[in-house]
Amino acid sequence: MKYVDEFRDPDKARALLKEIEGLVARIETCRTRPLAIMEVCGGHTHSIFKYGIETMLPDEIELVHGPGCPVCVLPMGRVDDCVALAETPGVIFTTFGDAMRVPGSKKSLMQAKAEGADVRMVYSPLDALELARKHPDREVVFFGLGFETTMPSTALTILQAEADGIRNFSLFCNHITIIPTIKAILDSPELQLDGFLGPGHVSMVIGSAPYRFISEHYKRPLVIAGFEPLDVLQSLWMVLKQIAEGRAEIENQYNRIVPERGNPVALDAISRVFELREFFEWRGLGSIDHSGVRIRKNYAQFDAERKFSVPAIKIADPKSCQCGEVLKGVIKPWDCKVFGGACTPETPLGALMVSPEGACAAYYQYGDIDKVHKRTDAA
Amino acid sequence: MTIATDIKAADGRMRRRGKLNVPTITLAHGGGGKAMRDLIDDVFVGAFDNPDLAPLEDQARFDISGLASLGDRLAFTTDSYVVDPLQFPGGDIGKLAVCGTVNDLAVGGAKPLYLSCSVIIEEGLAVDMLRRVAASMASAAKDAGVTIVTGDTKVVQRGACDKLFINTAGIGVIRENLRLGADRAKPRDVVLVNGVLGDHGAAILNARGDMALSSPIESDCAALHGLIGVLLEAAPATRFIRDATRGGLATVLNEIALASNVGIEIDEKATPIREEVKGFCEILGLDPLYLANEGKFACVVREADADKALEAMQAHPLGREAKIIGRVTDNRPGRVVMQTVFGGRRIVDMLVGEQLPRIC
């Protein structure tokens with residue numbers, strides 16, 4: 001594929017790996033412990049596993065797979081709310097595909113669909129709006145999910161619904177925002193992170209400025225990274241170079257997509273439609289202040305939480321889960337007591353086993369081959 | 001070929017062939033009465049015209065000695081076909097129902113001979129659609145050299161099935177000295193595929209139209225017994241063949257790894273996938289290794305036979321793009337590992353459920 005294969009060139013990868021090994025040799029810390037670099041975004045986790053990038057890196061680098069998989073961090077109570085909405089008579093509940101399988105406390109959307117709820121997979125919120133147009137006698141609810149990457153399209157859909165006077169469309173808003181979450185991770189007392197790969201598509205919307213506190217206050221380097229395997233390797237190299245040179249800066253490897261100021265049109269749509277919630281509950285991480293958004297009062301008619309009675313019952317994560325510690329890089333997935341035993345992709349207990357972008361599911365399915373192998377043999 | 005207007009009934013007397021004169025199927029066509037006989041006569045007997053079917057007995061009857069002359073074992077298989085949409089680029093449910101069952105026989109080393117055809121029709125289906133499907137089955141059966149010898153028709157209420165379901169069972173004969181099995185792979189054996197992967201899965205997803213992508217991807221739906229015959233001629237000690245249908249190549253390889261308790265290592269670079277399919281998967285966040293195929297198989301042959309097998313396959317029209325994609329090893333028994341294009345390695349596991357597109 002043109003403009004894709006160029007970013008998957010194994011010769012360039014070998015050259016970069018050589019450079020990376022050179023940098024590792026120069027970094028003092030590497031002599032006592034591995035460097036922990038977190039990729040914040042689930043898309044990066046996906047690329048890292050899909051291309052086997054981790055199996056190519058020197059042992060002195062440990063990748064910590066962060067909280068940027070919106071499907072994984074969705075708390076069970078919110079999934080229950082989705083199911084309740086989907087089971088409301090007259091409702092067509094629309095969702096992105098990979099949210100279908102996320103387990104609630106009783107069932108997933110896929111199970112609800114099997115039991116008769118009208119749950120439909122869509123590829124864009126505009127598809128959901130189209131359904132509302134086609135079915136004026138039904139209430140179409142869109143399950144809005146994701147970070148700043150998907151927020152603009154949801155916001156624009158609501159603006160479109162308002163402009164077109166569509167009354168049978170609403171949004172169950174579960175959009176979350178990345179910056180407070182990175183801050184919560186950085187504030188965690190067990191933190192052991194040396195640097196970050198910043199999310200590429202979130203940054204395409206918000207730009208690079210919002211990350212400045214990471215370098216200024218927490219003195220950690222962050223490189224905004226693209227999603228092709230060479231992007232990931234080059235970004236890692238840039239983080240290591242900063243560490244080797246004693247710098248902590250915000251750099252942008254993904255500058256073919258990410259402008260410094262982000263996308264003003266998208267940001268404008270977001271701020272017209274959404275406002276910050278006081279706090280939002282995350283699976284594995286608990287409640288994080290200002291980490292979610294809700295629909296502003298002006299657009300209340302499109303807010304499924306106002307339009308329908310949503311149970312909104314908080315369900316605690318299973319006690320045996322150690323997702324939070326995995327997310328913060330305190331332990332590796334296979335160190336969790338239930339990994340591969342009680343918690344598998346078929347029967348996930350924890351957030352990170354739910355979506356293929358979750359660190360545990362990724363390890364379980366196609367991860368660090370020898371470690372997984374050892375682990376499953378022992379189980 | 002002209003189709004007789006009279007049919008020889010079970011008691012040996014001739015009767016007038018029924019005619020269907022309505023545009024849509026109704027529950028009456030499943031009621032067992034004249035309307036049903038008209039439907040069967042006009043649509044199915046008409047299309048599948050052959051002396052074994054025409055008497056419309058409750059069963060087809062075969063001469064055992066005729067079968068025995070072809071080999072030493074019977075192969076018997078069944079498969080049900082449910083696909084939305086019924087017609088898609090590269091085929092339709094009828095072609096699928098014939099080729100799929102022919103392939104299930106052929107991958108066991110059998111020469112496919114006879115098929116059954118049971119249809120479950122949702123009331124309201126257009127008779128024209130049914131005619132097209134029956135004609136497509138007839139033409140696929142003719143191409144594959146198999147005869148549709150028995151069948152059944154049911155009509156169900158609207159909503160009780162999705163337009164049209166077809167079940168075909170098949171009988172074939174396996175010739176002497178062929179021993180194919182998923183448990184027979186040995187370290188150092190070689191894994192081959194007969195061409196580009198994922199076309200059918202991508203074509204179906206695309207034909208549903210909800211992605212609004214315009215793409216020329218066609219289903220690879222084809223009967224593979226001819227190609228498999230050529231392969232087994234060139235490499236009679238072939239260990240195993242399986243068509244990579246639902247769950248794609250990844251699933252077949254995992255089945256071999258588990259059944260033979262061996263590791264399988266494949267090379268992403270050598271694994272043939274059409275550029276359009278790669279792009280399609282890239283956009284939707286799907287993995288082509290898990291996409292269904294309807295005209296592709298994976299086979300395991302002895303190292304010494306690999307070149308012969310490859311050459312023979314590439315000389316056949318359905319194997320022109322055949323490739324050696326990997327090897328059987330004694331590393332990590334039960335696991336399939338892929339060397340990625342980028343130079344890393346990853347496990348290629350079975351899917352948990354169906355593949356779902358990713359959010360972003």
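Q: Which residue in the turn of the hairpin of β11(A) and β12(A) has a positive phi?
A: This is a predicted model, in which local features need pLDDT of at least 70, side-chain atom pairs count only at pLDDT 80 or more, and totals for chains, interfaces and linings use all residues. Residues are numbered from 1 along each chain as its sequence is written, while chains are lettered from A and ligands numbered from 1 in the order in which they are written. The hairpin has 3 residues between its strands (DSSP E runs of at least two residues, numbered from the N terminus). With a phi of about 85 degrees, the turn residue is A:Gly284.

Q: What is the bridge partner of A:Phe280 in β12(A)?
A: Strands β11 (residues 279-282) and β12 (residues 286-289) of chain A run antiparallel, joined by 4 bridges. Two strands pair if DSSP finds at least two bridges between them. Facing A:Phe280 as bridge partner is A:Ile288.

Q: Why do the buried residues of α6(B) line one face of the helix?
A: In α6 (residues 225-234; a helix is a DSSP H or I run of at least four residues) of chain B, the buried residues are B:His225, B:Leu227, B:Ile228, B:Leu231 and B:Leu232. Buried means 20 or more other C-beta atoms within 10 Å of a residue's own, with C-beta atoms placed from the backbone. They line one face because, seen down the axis, the directions from the helix axis to their C-beta atoms fall within an arc of 155 degrees.

Q: Which element supplies the largest share of the side of chain B that touches chain A?
A: The contact (C-beta atoms, placed from the backbone, within 7 Å) takes 25 residues from chain B and 36 residues from chain A. On chain B, α8 (275-284) and β15 (345-347) each supply at least two residues. The largest share, 4 residues, comes from α8(B).

Key: Two residues are in contact if their C-beta atoms, placed from the backbone, lie within 7 Å. A residue is buried if 20 or more other C-beta atoms lie within 10 Å of its own, exposed if 12 or fewer, and partly exposed in between; C-beta atoms are placed from the backbone.
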